[in-house]
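Student: I have a new structure open and would like to learn how to read it. Could you walk me through its features, one at a time?

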Amino acid sequence: MTGNLINGDWRKARLFGPIVGLTLGVLALLILTTAILVHRFDDTASAREQHMFERGFAQQLEELDKVVATQVDWDDAIVMMDHRRDAAWIDFNVGNYLHTFNGFTRSFVVDGDEKVFYASANGERAGLDLYAPFRPIAAQLLPRIRQAEKARPPLVLRPGKDNIVIPPIQGNTVTRIGDQTYIVIATLVQPDFGKALPKGARAPVTITALPIDARLLGIFAQRYQLDDLKLTAPDAKSNGRGNLVLRDLSGRPVASLVWTPRRPSAILSEQLLLPLLLMLGLLGLVAWTMVRRSGIVISDLIASEARAKHLAFHDPLTRLPNRAMLFERLHSLLATVGSDTSRLTVLCVDLDRFKEINDTLGHHAGDLVIEATANRLRTACAGAALIARLGGDEFVVLCSSGCSESAEMLAHRVLEALSRPIQSEYGRLEIGCSIGAVIIDRPGVEPTEALRWADLALYHSKQNGRGRLTFFEPRMDQALQGRRSLETDLRHALANDELFMVYQPQVDLAGNIHAAEALLRWSHPERGEVPPDVFVPLAEETGLILALGEFVMRRVFADTGSWTRLRVAINVSAEQMRSPGFAAAVARLAAEAEIDPSRYEIELTETALLSDEPVTAGNIGALKRLGFTFALDDFGTGYSSLSVLQRFSVDKIKIDRSFVSCLGDGGESEALVDAMVRLAKALHLRVIAEGVESEAQRERLASCGCNEFQGFLTGRPMGLREIVELAHESPGAAEAEIRKSA
Ligand code: C2E
Ligand code: MG
Ligand code: MG
């Protein structure tokens with residue numbers, strides 16, 4: 001049970017796994033895709049921001065260049081800064097002006113020899129030594145200015161012309177002086193309209209410096225909407241922040257502008273958080289519903305599979321394991337014999353009187369018996385490895401502990417349990433059982449072999465009077481082989497004329513022969529005379545009885561068809577009566593032989609009548625309509641009831657010879673025979689006694705009211721010629737043939 005549960009859970013997990021996995025996978029994929037998209041989105045946004053800021057910064061420098069160029073590129077500037085070196089003018093137009101309106105904190109003017117002649121700090125004239133820290137950066141810028149100045153087309157005076165013709169010559173860079181970073185712009189002083197010209201080949205150059213300070217950063221930040229814009233050392237780690245490295249003319253990093261980049265994903269997340277959560281929740285709900293639904297479906301599937309499996313491996317009536325499971329279990333138990341299991345006991349249990357109960361009381365009574373048997377087996381074989389129902393009234397018990405004593409004890413417990421009568425709505429039902437057992441103590445035995453051995457032992461229990469236990473012995477197998485060879489011989493005998501009929505007289509009170517019972521004989525070339533008690537049951541078991549029965553009918557009709565005085569009794573087996581088309585076959589044979597059916601009596605045993613099968617009833621009815629009469633053979637030994645006698649309206653009962661042989665022993669036989677005769681008379685049936693061997697028996701039978709006799713006293717079974725002569729009968733066609741050939 002636990003195993004099944006674990007198995008069920010495992011199966012469930014196996015079926016569930018992919019569904020849960022798929023659902024989680026889809027969710028994970030969704031989250032991952034969103035994360036990647038958002039990340040890409042952020043990356044793209046940062047790259048754009050970086051690009052914009054870089055361009056913006058360059059633009060800013062260009063603008064600053066223009067601001068300075070406006071102040072120093074005009075004719076007045078040539079006059080005031082080159083010709084006159086008017087410091088007050090320079091103060092007003094450069095130092096002070098650029099400081100006040102554009103935030104430049106340092107302004108210098110150098111002459112054609114690059115010597116500084118003007119300096120201003122924060123809009124106020126200052127000492128020339130202020131230039132010293134700027135000299136190195138000026139030294140980088142000035143050669144480029146001078147080069148461009150040299151390359152410039154020669155300047156000419158253009159009095160009266162009012163259009164600017166000279167483009168500015170400038171250079172800018174970034175430098176760090178002390179703890180301050182500056183944008184430094186060098187601008188060549190040039191005329192604009194050309195009304196004044198520089199006095200020498202090289203004009204003065206202004207060096208102006210704008211600190212990158214909080215004010216400037218504020219302007220940048222506002223213009224480009226940058227958060228937290230700061231100036232840091234160039235080697236500072238950016239840690240995912242926006243970063244613009246500022247370099248001097250030689251490409252050396254001077255400082256970095258860093259800022260917190262815009263993360264659109266953060267805004268997106270903020271905005272989308274609620275819908276996203278809702279969506280995830282919804283998806284989760286769908287997944288959960290799916291998993292739950294699948295769970296229910298899977299549970300149902302597993303349950304129905306388990307049900308189907310149980311049905312496939314169990315008998316629905318008793319809920320005991322069936323043949324399929326028995327074979328499976330037997331296979332695995334036999335595989336362990338010799339290792340885990342030292343021995344395995346196999347018991348074949350078969351009910352003794354089940355068929356009678358089933359036939360007389362009906363299938364419901366039969367079911368009750370089978371159920372009760374199963375319950376008793378469960379109690380009696382509590383420790384058994386398996387109790388199975390093979391079908392019908394056959395059960396198998398497997399016991400793996402198995403020493404022979406315990407097997408014997410177990411079998412006797414079963415015998416005892418099943419011999420107790422079953423109390424039911426049908427009254428007390430006595431069933432009893434026979435058991436065949438085999439102990440397997442060596443490896444390599446096949447399940448079919450083990451069962452066959454137990455079954456053989458069971459067969460012996462049945463043969464030896466039922467209600468007993470028989471252990472399998474190898475000689476039984478030999479006996480079986482013997483039976484097999486007998487069966488082959490019997491088939492051969494049928495085809496080779498080894499079978500013939502003898503006839504035993506039936507006489508009346510006066511001793512006159514009025515009938516004869518046809519009895520089959522087999523004269524085997526090697527075995528000698530084989531008694532019908534041996535080969536008839538064998539033929540019944542193997543199905544050969546149908547061919548044998550047809551042979552008997554054909555031969556008896558041929559032998560006795562021409563008789564005019566004697567009636568003829570023919571034995572017919574239950575198996576023949578159960579065969580559909582039997583009556584038709586008899587009718588055909590009777591027509592062929594042109595016999596009068598009313599002179600023939602069919603002897604049936606009680607078991608043939610007990611099978612309440614429609615086929616039997618149909619055959620009997622049809623034969624009766626043809627004119628055949630019926631006698632109940634071996635009366636008193638079976639299980640027949642009054643109702644059976646009446647239902648089939650037999651014409652005669654034949655008291656079994658076991659009662660006759662006991663007459664005179666002072667036992668109950670006389671009373672029993674008396675009762676049987678009375679019963680027959682009451683039902684207006686004729687009555688005959690068989691096995692009458694002595695005069696005393698005949699007299700006692702007569703005194704009981706029986707007036708027909710058959711037995712060694714009045715005539716042994718004899719050949720056709722003898723009976724014909726004894727009864728003064730006309731010989732049959734076969735006899736005539738024999739006589740002719742003789
Ligand atoms: P049954 O029909 O009861 O036949 C009577 C048996 O009792 C015969 O044995 C017969 O020889 C024997 N018998 C007759 N008088 C006496 C007597 O005074 N004392 C003793 N001890 N025995 C006596 P048989 O011929 O060996 O037949 C045995 C059984 O075989 C028959 O019993 C019958 O059931 C079956 N049988 C015989 N011939 C046929 C047949 O043609 N068809 C079928 N289906 N069964 C047959
Ligand atoms: Mg008979
Ligand atoms: Mg008999």
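Tutor: Happy to; we will look at metal sites, a ligand shell, salt bridges and a surface patch. Please keep in mind that this is a predicted model.

Student: Let's begin with the metals. Which residues are the protein donors of the magnesium ion (ligand 2)?

Tutor: To read a metal site, you look for the N, O and S atoms within 2.8 Å of the metal. For the magnesium ion (ligand 2), the protein donors are Glu517 (OE), Asn571 (OD1), Glu603 (OE) and Asp633 (OD), at 2.0 to 2.3 Å from the ion. Along the sequence, these donor residues are spaced E-x53-N-x31-E-x29-D. Two of the residues show how distant parts of the chain are linked: asparagine 571 belongs to strand β20 (residues 567-571) and aspartate 633 to strand β22 (residues 629-635), with their positions 62 residues apart.

Student: Are asparagine 571 and aspartate 633 buried or partly exposed?

Tutor: The cut-off helps here, since buried means under 20% relative accessible area. Asparagine 571 has a relative accessible area of 29%, so it is partly exposed. Aspartate 633 has 7%, so it is buried.

Student: And what are the protein donors of the magnesium ion (ligand 3)?

Tutor: Here they are Asp633 (OD), Asp634 (OD) and Glu690 (OE), with Glu690 (OE) listed twice, and they lie 2.1 to 2.5 Å from the ion. Their spacing along the chain is D-D-x55-E. Aspartate 634 is in strand β22 and glutamate 690 in strand β24 (residues 686-690), so this pair ties together parts of the chain that are 56 residues apart in sequence. Aspartate 634 is partly exposed at 24% relative accessibility, while glutamate 690 is buried at 7%.

Student: Which residue coordinates both magnesium ions, and how far apart are they?

Tutor: Aspartate 633 coordinates both, and the two ions are 4.1 Å apart.

Student: How do I read the surroundings of ligand 1?

Tutor: Start with who lies around the ligand, then look for polar contacts. There are 23 residues around ligand 1, and Gln504, Asp633, Arg657, Glu693 and Phe712 come nearest. As for polar side-chain atoms, one of aspartate 633 lies 2.8 Å from an oxygen atom of ligand 1. One of glutamate 517 lies 3.0 Å from a ligand 1 oxygen, and one of arginine 521 also lies 3.0 Å from an oxygen of ligand 1. Taken alone, ligand 1 exposes 790 Å², of which the protein buries 85%.

Student: Which elements give two or more residues to the shell around ligand 1?

Tutor: They are β18 (513-524), α13 (532-542) and β22. The largest share comes from β18, with four residues.

Student: Now for charges. What should I look for in a salt bridge?

Tutor: Side chains of opposite charge can pair when their charged atoms come close. In this model the count comes to 36 salt bridges. One of them joins lysine 462 and aspartate 352, at 3.0 Å from N to O. Lysine 462 lies in helix α11 (residues 447-463) and aspartate 352 in the loop between β10 (344-351) and α8 (354-361), so the bridge ties together parts 110 residues apart in sequence. Aspartate 352 is buried, with a relative accessible area of 5%.

Student: What separates glutamate 449 and arginine 452 in helix α11?

Tutor: They are separated by about one helical turn, because they are three residues apart in that helix. Their side chains meet in a salt bridge with an N to O distance of 3.9 Å. Both ends are partly exposed: glutamate 449 at 29% relative accessibility and arginine 452 at 27%. Another bridge links aspartate 248 with arginine 252, where the closest N and O atoms are 3.2 Å apart. Salt bridges can also form a network, as they do among Arg567, Glu601, Lys652, Arg686 and Glu708.

Student: Last one: which residues form the nonpolar patch on the surface?

Tutor: For a patch, you look for nonpolar side chains with over 30% relative accessible area that lie within 5 Å of one another. Here Phe41, Leu268, Leu272 and Leu276 form one, with about 310 Å² of accessible area together. Helix α6 (residues 264-313) gives the most to the patch, with three residues. Leucine 276 is found in that helix and counts as partly exposed, at 35% relative accessibility.

Conventions. Residues numbered from 1 in each chain as written. Chains lettered and ligands numbered in written order. Predicted model: local features only at pLDDT ≥ 70, side-chain atom pairs only at ≥ 80, totals over all residues. Heavy atoms only, no water. Donors = N, O, S within 2.8 Å, 3.2 Å for Na, K, Ca; no water. Buried < 20%, exposed > 50% of the residue type's maximum accessible area, 1.4 Å probe, protein only. Patch = residues over 30% accessible without salt bridge, like charges linked within 9 Å, V, L, I, M, F, W, Y side chains within 5 Å. Areas by Shrake-Rupley, 256 points an atom, 1.4 Å probe, with all protein chains shown as cover. Salt bridge = Lys/Arg side-chain N within 4 Å of Asp/Glu carboxyl O. Near = heavy atom within 4 Å. Polar contact = N/O pair within 3.5 Å; in protein donor to acceptor, adjacent residues only side chain to side chain.
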